[in-house]
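User: Hey, I've got a protein model open and no idea where to start. Can you walk me through it?

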Amino acid sequence: MSPVFPMLTVLTMFYYICLRRRARTATRGEMMNSHRTIESNSRTSPLNAEVVQYAKEVVDFSSHYGSENSMSYTMWNLAGVPNVFPSSGDFTQTAVFRTYGTWWDQCPSASLPFKRTPPNFQSQDYVELTFKQQVYPTAVHVLETYHPGAVIRILACSANPYSPSPPAEVRWEILWSERPTKVNASQARQFKPCIKQINFPTNLIRLEVNSSLLDYYTELDAVVLHGMKDKPVLSFKTSLVDMNDLDDDDYEEKDDCGMDDLNKKFSSAALREGPHNGYFDKLPYELIQLILNHLTLPDLCRLAQTCKLLNQHCCDPLQYIHLNLQPYWAKLNDTSLEFLQARCTLVQWLNLSWTGNRGFISVSGFSRFLKVCGSELVRLELSCSHFLNETCLEVISEMCPNLQDLNLSSCDKLPPQAFNHIAKLCGLKRLVLYRTKVEQTALLSILNFCSELQHLSLGSCVMIEDYDVIASMIGAKCKKLRTLDLWRCKNITENGIAELASGCQLLEELDLGWCPTLQSSTGCFARLAHQLPNLQKLFLTANRSVCDTDIEELAGNCTRLQQLDILGTRMVSPASLRKLLESCKDLSLLDVSFCSQIDNRVVLELNASFPKVFIKKSFTQ
């Protein structure tokens, strides 16, 4: 036999190994499009025609720009057929998240980031949508109508929300993922990423977004799911390798962040005995700890399996002072918490945001973890953690006596009575209750006992009957308050503002966006400018009554101002804005969208005179 044939055989095997390696390590769920990789085209038959469907329902989301009692700018607009597409511009019938750009990270209310966050986890917000039929996805199209480019990850879930019986197992699979990228155009587009095929049908799709590179709010109109009722067979035109045939151990999706390792119990007894541990024996204990401090949590868990010495270091509670579990929300469960429990006895910062939903974490599992690990907790992030109930908040109040920072943002399934337990946390300095069902009685109790509060978020808390009473209590009890979010509070008046301004003169940030009962004619905004000289951020979004007098008062008294939003006012002239820009040298954001006296020509002139300031002028076509 010619020596050419064995060589061809070797090359074929090498090609096959390389193909499997590329399939295992392809980042962000990409199906590679070159001729050497698997085609994503499916062979179909008339009995397995493609199903195309719009979202039936929005079942969960982390934030939205709109009100809880309206459809304007809310996530609920993603359900059904498009309302706006293919038109471009700012439309109330679209879905809009609460933030954009880096402005919110630069505010006094911004929290410090957690260490050890995996670099491939950059999601800031999410929305989950259900569809009528379960299908094997072949495509997901997102109709973006304004400032596209925020979607960075698309996932599918094996659970059917409409099934009468709970599933035995819930799996999330990444269909597509990409790092945040800048899209220079603001016009509408149909975003059609190339998705990975999965081996289970789904009717639950999750979009995760990062708006940090956007110049304004992204607006989404609809989501279209394409798929087959029966499992498609991959085309054999170019390859015999089916990605779904790869073993779970062989095919590890990088975007899973290695969460599987947290669900394996590590035992030092199972580690191999050896005469020495290499040069690590010669290093000081503290130096090894410092080196390991740069590893992500999954890497730390993997390293613990190498030898007894490193196992000891990796299990040292000092490695878990700051613990961010949010990137692993898709797989974190009671078992994960149980295995981490012994290592987390000294944890001070804990992030469980987005975790535990759909039965992944139980009330008993969470309670057991906090009873062992809660005594040193200073900061606890629980945004969108829908497993929480009254028992959980009671456990937090009893087991976390040192807690200073509690985030319950968008925990909208918590019953109103649960919030009474927060009043026991007298050392709180930061409390986020955005989009919760906290009621007035519970909130008054919290304000009465938690007088150390410095940061308070009450945005979109629709169960509060009288915000003037709340503002009066804040002014009387919370003298150290530095930031206050009253976004979309429905009934605060000039009386509440007067009490607030006189009692909380350290305020640096105040969000009064979409508060329709405030009127400039009462002098409430001028009073704010006089009594709050430390203001760095002031949002008066959609208050049509803001006028030149208010702007001039800000220019004269609040020279440290960095961010101002006066979207929608008809009463502000270019001359007053120029005075403001000349006085407030640190101003970096000025939103004058839909300000009728400020046209594009004025914005261009102001931008030319003050190039360091981002002046935003939105539009509708």
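Below, we chat through the overall make-up, the pocket, a few helices and some single residues.

User: What kind of model is this, and how are residues numbered?

Analyst: It's a predicted model, where local features need pLDDT of at least 70, side-chain atom pairs count only at pLDDT 80 or more, and totals for chains, interfaces and linings use all residues. Residues are numbered from 1 along each chain as its sequence is written, and side-chain values use heavy atoms, with hydrogens and water left out.

User: How many helices and strands does the protein chain have?

Analyst: There are 14 helices and 23 strands in the protein chain. Those are DSSP runs numbered from the N terminus: helices are H or I with at least four residues, strands are E with at least two.

User: And how much of the chain is buried?

Analyst: Of the 621 residues, 54% are buried. Buried means under 20% relative accessible area, exposed over 50%, and partly exposed in between, using a 1.4 Å probe and protein chains only. Also, 80% of the contacts with a separation of 6 or more are between residues 24 or more positions apart; contact means heavy atoms within 4.5 Å.

User: OK, pockets. What's the volume of the largest pocket?

Analyst: About 1500 Å³. A pocket here is found on a 1 Å grid over the protein atoms alone: it's an open set of points where a 1.4 Å probe fits, with protein on both sides within 12 Å along at least five of seven lines, and lining residues have an atom within 4 Å of a point. Grid points are joined across faces, edges and corners, and the volume is the space filled by probe spheres set on the points.

User: Which residues lie nearest its centre?

Analyst: Asp105, Ser111, Gln124, Asn407 and Arg430, out of 45 lining residues. The elements giving two or more residues to that lining are strands S14 (379-381), S16 (430-432), S17 (455-457), S18 (483-485) and S19 (509-511).

User: How does the lining divide into nonpolar, polar and charged?

Analyst: It has 13 nonpolar, 22 polar and ten charged residues. Ala, Val, Leu, Ile, Met, Phe, Trp, Tyr, Cys and Pro count as nonpolar, Asp, Glu, Lys and Arg as charged, and the others, Gly among them, as polar.

User: You mentioned S14. What does Glu381 touch?

Analyst: Glu381 sits in strand S14 and counts as buried, at 5% relative accessibility. Leaving out residues up to four places away in sequence, Glu381 touches several others, including Ser111, Asp405, Asn407 and Arg430. Its side chain also has a polar contact of 2.9 Å with that of Arg379. A polar contact is a pair of N or O atoms within 3.5 Å; within protein, one must be able to donate a hydrogen and the other to accept it, and residues adjacent in sequence count only if both atoms are side-chain atoms.

User: Switching to helices. Which residues of H9 are buried?

Analyst: In H9 (residues 467-477), they're Tyr467, Asp468, Ile470, Ala471, Ile474 and Gly475. Seen down the axis of H9, they fall within an arc of 160°, so they line one face of the helix. The arc is that of the directions from the helix axis to the C-beta atoms.

User: Why would residues three or four places apart point the same way?

Analyst: An α-helix has 3.6 residues a turn, so residues with that spacing point the same way.

User: What do the buried residues of H9 pack against?

Analyst: Helix H8 (440-449), S17, S18 and helix H10 (494-503). At the N-terminal end of H9, Asp466 acts as a cap, with a side-chain oxygen 3.0 Å from the backbone nitrogen of Asp468.

User: What about H5, which residues are buried there?

Analyst: Ser336, Leu337, Phe339 and Leu340 are the buried ones in H5 (residues 334-341). They cover an arc of only 165° around the axis, which puts them on the same side of H5. They pack against helix H3 (297-303) and helix H6 (363-373).

User: Where is Leu481?

Analyst: Leu481 is in the loop between H9 and S18, and counts as buried at 0% relative accessibility. Leu481 and Leu453 are 28 residues apart in sequence but 5.8 Å apart in space, C-alpha to C-alpha.

User: Last one: which residues does the cis peptide bond join?

Analyst: Phe85 and Pro86, with omega about 15°. Pro86 lies in the loop between strand S3 (57-61) and strand S4 (95-96).
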